[in-house]
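Please look through the chain shown here slowly, and keep its sequence at hand while you read. The report that follows moves from aromatic rings to the interior, and then to a metal site and a sheet.

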Amino acid sequence: MVDLHDQTLRDAHQSVLATRLRTEDMLPICDKMDQVGFDSMEIWGGATFDACIRYLDEDPWERLDKLSNALPNTRVQMLERAMNIVAYSNYPDDIVEKFIHYAYKNGCESFRIFDALNDLRNMRIPIEKAKKEGAHVQGSLCYTISPIHTVEKYVEKFKKLERMGCDSLCIKDMAGMISPSRAYDIVKGCKDAGIKIPIDLHSHNTSGMTGLAYMKACEAGVDVLDTSISSLTGATGQPPTESLTAALQDTEYDTGYDMDLLMDIREYFNEIWKKYRHLHRDQALRIDPSVTVHQIPGGMLSNLVNQLEKQGAADKYDEVLKEVPRVREEFGHPPLVTPSSQVVGVQAVMNVKFGRYEKITNDTKNYFRGMYGRPPGEISEEMYEKILGPDWEEEVIDDRPASLLDPQFKKNKDKLEDMGLLNKPEDVLTYTIYPDIGLKFLKGEVEAEFTSDELPLEEPEEKEKKEASRQISYPWKGKVKIDGKEYNVVMNSKEKVRVNGKTYNVSVLFPEGEQPSASAVEANSQTQTQEMSGDEIEINSPMLGTILELKVRPGDNINQGEPVAILEAMKMENDVSAPKDGKIKNMHVKKGQDVEEGDLIATMVG
Ligand code: CO
């Protein structure tokens, strides 16, 4: 007999609906899902935590509590990224331990623990803590293809995880690229090596060969297969629960599940699919066997598409797909899963946009410093030098990265208390893991993108048409305000004006039609020229993002390459650096401000 582990409420919508499924659309079907008899259900963790507070104005802890209560007969699981928990960097041991404690307390009975780099040193603390709480612990290894990721290596590491006390194991094929023969070889290898605990295979439809891989895994003795209800599977989602159940019927692997019950559940999620139609993306729905070449996981693929669209670089999609494997090899073959998928993905986007390693993200630097763990393969000295500079050896750490971090729970608890925002201990974790958006959420300042009642949203084309009808036509001449002063200018696009080659954000003072005289425009342009003359240099935003921090103030001296601001884009931090030595004249952005590509960040005199 083979059992299924259902991923509908976590990975399925993370893979095909941008992680936006709301709790109120999950609860009504829980009773039926609870009756199926799944081995377990993953309902929490991964990107869902972030999405709850960032886009849905939902408390993730409440979601966990509600869902676990609504699924009393099913073991509910979270996906836990070792020392990254549910985010992208390492947290101190005390934060990881508190997180697991409160997750267990709120109803999480099983922890699928993995590390993006399969660095077992990063997995020890969460495994030990979850065991101590009394939870089921599933030790998970990211599946990937590379010259260094051999079947023997996987079997060896799985044996170590069994010895570390895990209750089950998981082959986590987050990119959906495991071939039937590799699935067979790894499962068989584990069984032959005497591993006694159950083995689970997690995969995605992406390559189109996953059904075959699941069958071969059955033949090799796999115990559990990961699936999702068909309505939310798509190409980047899991193989369909109903199809697998039907396929295994009357074989020695029969799950024994009730197909009528599964059809009821399917019908429910078919309606959900229609409600969330504004989030459907073509690329996430089409089978793409090229995944076996570019090895980009479903979640990362839909994120990349999204980010490229936002950056106005959707046409670069194919180039980026080609760049990713190159970057990955240069990074020592990390598996592509959050956060390493983000680090590699964003660096690949940068390389395509600005030239190879012309711009290096802070996260790439940290990866090379060893701040995510030990890269699985060798990295050339030349690459280290390219990323970290000639003194790179002094910067690379050899220890478990979180061992460098001081405890944080008590400190952050006090901070929240002082702000009057501490309602429950879980809030400290929300705040610690997502200091900016978490704080905004706790203050009640996050606005939900939509609630269930508002769905379905307008079709995007309809919305665009409406917006277009409200828009004035460009080029537009009129009065505008620049840094508090009024000018008569020509605007070539909405909210942006160019005066003497410089782009400004403006507020329109007069509506269309009230055009100032041409001479007035000229006169003011003249004034502007004089004011702006000299060796002034503009520092513009290289891409769309949010200003996380300002590193300098007007009057500060700055050297070439030093950051003037830190920009968060694609969930990664990027330095916006000075192009040459000089003095900062003015800062044109505030902390927390959203900027678009080309927006003026700072002016300096060089
Ligand atoms: Co997955």
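Phe331, Tyr367, Phe368, Tyr372, Tyr384 and Trp392 form one aromatic cluster, where rings of Phe, Tyr and Trp (its six-membered ring) pair if their centres lie within 6.5 Å, and where planes under 30 degrees apart count as stacked, those over 60 as edge-to-face and the rest as tilted. This is a predicted model, in which local features need pLDDT of at least 70 and side-chain atom pairs count only at pLDDT 80 or more, while totals for chains, interfaces and linings use all residues. Residues are numbered from 1 along each chain as its sequence is written, and side-chain values use heavy atoms, with hydrogens and water left out.

**Aromatic pairs**

By the ring rule just given, the count comes to 17 aromatic pairs. Two of them are set out in the table.

| Pair | Distance of centres | Angle of planes | Kind |
|---|---|---|---|
| Tyr276 and Phe450 | 5.6 Å | 80 degrees | edge-to-face |
| Phe331 and Phe368 | 4.9 Å | 80 degrees | edge-to-face |

The pair of Tyr276 and Phe450 links distant parts of the chain, 174 residues apart: Tyr276 lies in the loop between helix H11 (259–275) and helix H12 (282–285), and Phe450 in the loop between helix H22 (435–442) and helix H23 (460–470). Helices (H or I, at least four residues) and strands (E, at least two) are DSSP runs, numbered from the N terminus. Are these two rings buried or exposed? Tyr276 counts as buried at 0% relative accessibility, and Phe450 is buried too, with a relative accessible area of 1%; buried means under 20% relative accessible area, exposed over 50%, and partly exposed in between (1.4 Å probe, protein chains only).

The pair of Phe331 and Phe368 also links distant parts of the chain, here 37 residues apart, with Phe331 in the loop between helix H15 (317–330) and helix H16 (340–354), and Phe368 in helix H17 (residues 362–369). Both Phe331 and Phe368 are buried. Helix H15 also holds Arg326, which counts as partly exposed because its relative accessibility is 46%.

**The chain and its interior**

The protein chain has 24 helices and 21 strands, and of its 606 residues 54% count as buried. Among contacts (heavy atoms within 4.5 Å) between residues at least 6 apart in sequence, 72% join residues at least 24 apart.

A nonpolar core is a set of buried Ala, Val, Leu, Ile, Met, Phe, Trp, Tyr and Cys residues joined through side-chain atoms within 4.5 Å. The largest one has 106 residues, and those with the most contacts inside it are Leu9, Phe99, Phe158, Leu225 and Phe269. Helix H5 (residues 93–105) gives the most to this core, with 6 residues. A second, separate core of 31 residues includes Met300, Tyr317, Val352 and Tyr367. Returning to Phe158, and not counting residues up to four places away in sequence, its contacts include Gly139, Leu141, Leu169 and Cys170.

Helix H3 (residues 48–56) is largely enclosed by the rest of the structure, because 7 of its 9 residues are buried. What covers the buried residues of H3 includes helix H1 (8–16), strand S2 (40–45), helix H4 (60–70), H5, helix H21 (425–433) and H22. H3 is followed by Asp57, whose phi is positive, near 50 degrees.

**The cobalt ion**

Which protein donors does the cobalt ion have? They are Asp11 (OD), His202 (NE2) and His204 (NE2), lying 2.0 to 2.1 Å from the ion. Donors are N, O and S atoms within 2.8 Å of the metal (3.2 Å for Na, K and Ca), and water is not among the atoms, so sites may look incomplete. In sequence the donor residues are spaced D-x190-H-x1-H. His202 counts as buried at 0% relative accessibility, and His204 is buried with a relative accessible area of 3%.

**An open sheet**

An open sheet is formed by 4 strands in the order S14-S21-S19-S16, with antiparallel pairing; two strands pair if DSSP finds at least two bridges between them. Strand S14 (536–540) and strand S16 (557–558) stand at the edges, and because each has a single partner strand, one side of each is left without a neighbour in the sheet. S16 pairs with strand S19 (residues 582–587) in the antiparallel sense over 2 bridges, and Ile558 stands opposite Gly582 in S19.
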